[in-house]
Amino acid sequence: MNVLQRALRSVIRKPVRSVLLLLVICIISLLFLSGMASRSANIATKDSTRQAIGAGFLLTKNSENESKRIEELSQKIGDKDGSLDGYHQKKEMIEGQPMWRTWTDNVFHCIKTEDIEKIAGVDGVSDHNITTAPTRVKGSNFARIEDPEADQTYDFGGVALIGNLDMKLDANVLSGNVSIKEGRMVAPDDKDVCVISEELAEKNNLKVGDVIGFHPIKEEAPLSEATIIGIYQVKEKMTPYMSGDTYRSENVIFTDLHFPEKAEQDTPLFERAYFKVGNVDDYDSVKKKIMALDLDWELYDLIDNNGNLNTMAGNFNDLENISEIMLLIVAGGSFIILFLIFLFWIRNRKNEIGVLLSLGVSKGKILLQIITEALIIGVIAVGISFAVAPVTSQAAATYLIGQQEEQAQLEQEAIEGQVATEYKEPELTITGVEADVTKDMLVIDSLGIGTLIILSTSAAGILIFRKNPKNILSEMS
């Protein structure tokens with residue numbers, strides 16, 4: 001009888017032992033697959049400013065990474081007043097106590113134009129748009145729309161400018177919420193132009209061709225003028241950034257890309273970039289080309305056509321790092337558990353081992369038989385785990401991301417008010433998590449389980465088989 005035959009008979013002869021080992025290996029396999037799937041999970045988010053619409057991709061700054069950059073820049077500056085890469089800190093005396101005031105500016109939050117150009121140059125991207133963050137300014141020769149019952153205590157008393165490279169690719173236009181009533185939209189070659197709401201036009205008797213002026217919130221000069229080239233209407237009011245009337249829907253004015261920085265007298269703040277895919281059939285291949293670009297992806301979120309935010313390095317509070325730590329803990333813990341199981345297993349088979357030794361079977365063949373038994377059970381366990389993995393991986397990824405979201409919220413509440421910035425981060429709502437179990441994961445899992453079984457069985461076998469056959473036979477009951 002050869003090694004394989006003896007192994008099969010042993011597995012069948014001890015069903016309880018075999019089933020228990022099968023369950024342990026199955027659980028280990030599921031933990032491995034869940035960890036790998038969580039590491040590359042796609043997070044579906046919903047937000048009016050970050051949701052990709054149409055056959056294209058939306059690029060925005062990653063808010064979690066920005067928090068990390070603030071800490072890094074603060075450490076570089078040290079315990080002194082200073083500024084670096086758009087981050088500023090200054091020690092001030094408040095009620096006799098030294099307190100740090102920290103803030104960030106447009107340089108810190110702005111998407112790099114060179115990165116936008118790299119993505120726009122990818123084969124398959126037919127068009128692209130850059131959109132600024134809503135910029136508050138005051139109008140000089142027109143009145144804004146105001147709600148007399150609204151609390152204007154903390155309002156800026158101005159209007160909001162949104163600059164676009166190509167307005168037809170603005171998220172509000174792509175969604176069908178904003179449409180032109182008179183005139184036209186902003187085009188890439190336009191300069192010092194704007195498109196105003198029909199309510200604003202009616203209140204001030206403005207029409208296409210009129211010129212309106214703007215100046216910074218806290219200053220009356222310099223004055224920047226823009227020609228009205230269009231009047232828009234909305235299906236639903238655009239959600240304002242904050243209370244008051246500066247950012248209310250009727251007071252939103254679309255301009256050419258660089259007019260907001262001119263009117264505000266500040267550096268540009270490009271909040272997002274949209275990239276249109278020419279051929280919908282090439283969507284997946286274009287996505288792969290974009291993700292293969294040599295960019296500092298930790299700075300960004302890339303949102304696809306379905307609103308799925310691709311988790312890249314550093315995204316979502318280091319979910320990838322947490323998953324990798326989970327995999328290391330599972331691997332270490334699994335080795336210890338399997339080692340103890342096989343140690344107990346071998347010690348309870350002294351009679352069988354003694355008989356085989358007395359029949360002239362070598363220690364190596366006996367150990368090979370035990371490893372073969374474990375591998376047979378392992379193959380069955382891994383097969384079962386493959387069938388269950390999609391469900392458990394999805395549950396694990398959802399749980400981890402939920403914990404990360406809760407932790408991020410607690411951190412945000414803890415530092416609220418410590419960093420003052422005019423930039424308002426979009427509020428993301430997680431609407432779903434997609435954790436796919438790929439073929440590569442199945443292969444890695446199979447190899448990992450097989451390696452663990454062989455190493456743990458061999459380690460347990462060494463403790464027993466290091467004894468000479470005479471001592472093993474003398475221990476037989």
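**Exercise 1.** Which side chain meets that of Lys181 in a salt bridge? Work with the predicted model, and then decide how far each partner is exposed.

*Solution.* The partner is Glu198, whose side chain meets that of Lys181 with an N to O distance of 3.0 Å. The next step is to place the two residues: Lys181 belongs to strand 9 (residues 178-183) and Glu198 to helix 7 (residues 198-204), so that the pair, 17 residues apart, links distant parts of the chain. For the last step, recall that buried means under 20% relative accessible area and exposed over 50%, with partly exposed in between. Lys181 has a relative accessible area of 41% and is therefore partly exposed, whereas Glu198, with 18%, is buried.

**Exercise 2.** Find the salt-bridge partner of Lys91, and state where both residues lie.

*Solution.* The side chain of Lys91 meets that of Asp79 in a salt bridge of 3.8 Å, N to O. Lys91 sits in strand 4 (residues 87-94), while Asp79 sits in the loop between helix 3 (63-77) and strand 3 (82-84), 12 residues apart from it. Lys91 is partly exposed, because its relative accessible area is 38%, and Asp79 counts as exposed because its value is 63%.

**Exercise 3.** Which residues of helix 5 are buried, why do they lie on the same side of the helix, and what covers them?

*Solution.* Begin with the helix itself, residues 113-120, in which Asp115, Ile116, Ile119 and Ala120 are buried. These residues cover an arc of only 135 degrees around the axis, and therefore lie on the same side of helix 5. A general rule helps here: an α-helix has 3.6 residues a turn, so residues three or four places apart point the same way. Finally, look at the cover, which includes strand 2 (56-61), strand 6 (125-132), strand 14 (270-277), helix 9 (283-291) and strand 15 (300-303).

**Exercise 4.** Describe the surroundings of Asn106, a residue of helix 4 (residues 106-109).

*Solution.* First, Asn106 counts as buried, because its relative accessibility is 8%. Second, once its neighbours within four places in sequence are left aside, Asn106 is in contact with Glu264, Asp266, Thr267, Pro268 and Leu269. Third, the side chain of one of these, Asp266, is joined to the side chain of Asn106 by a polar contact of 3.5 Å.

**Exercise 5.** Which residues make the nonpolar surface patch of about 380 Å²?

*Solution.* The patch is made by Val16, Val19, Leu20 and Leu23. Taking Val19 as the example, we find this residue in helix 2 (residues 15-39), and its relative accessibility of 46% makes Val19 partly exposed.

Terms used:
Residues are numbered from 1 along each chain as its sequence is written. This is a predicted model: local features need pLDDT of at least 70, side-chain atom pairs count only at pLDDT 80 or more; totals for chains, interfaces and linings use all residues. Side-chain values use heavy atoms; hydrogens and water are left out. Buried means under 20% relative accessible area, exposed over 50%, partly exposed in between (1.4 Å probe, protein chains only). Helices (H or I, at least four residues) and strands (E, at least two) are DSSP runs, numbered from the N terminus. The arc is that of the directions from the helix axis to the C-beta atoms. Contact means heavy atoms within 4.5 Å. A polar contact is a pair of N or O atoms within 3.5 Å; within protein, one must be able to donate a hydrogen and the other to accept it, and residues adjacent in sequence count only if both atoms are side-chain atoms. Patches are made of residues with over 30% relative accessible area and no salt bridge: like charges are joined within 9 Å, nonpolar side chains (Val, Leu, Ile, Met, Phe, Trp, Tyr) within 5 Å. Accessible areas come from the Shrake-Rupley method with a 1.4 Å probe; for residues, only the protein chains shown count as cover. A salt bridge is a side-chain nitrogen of Lys or Arg within 4 Å of a carboxyl oxygen of Asp or Glu.
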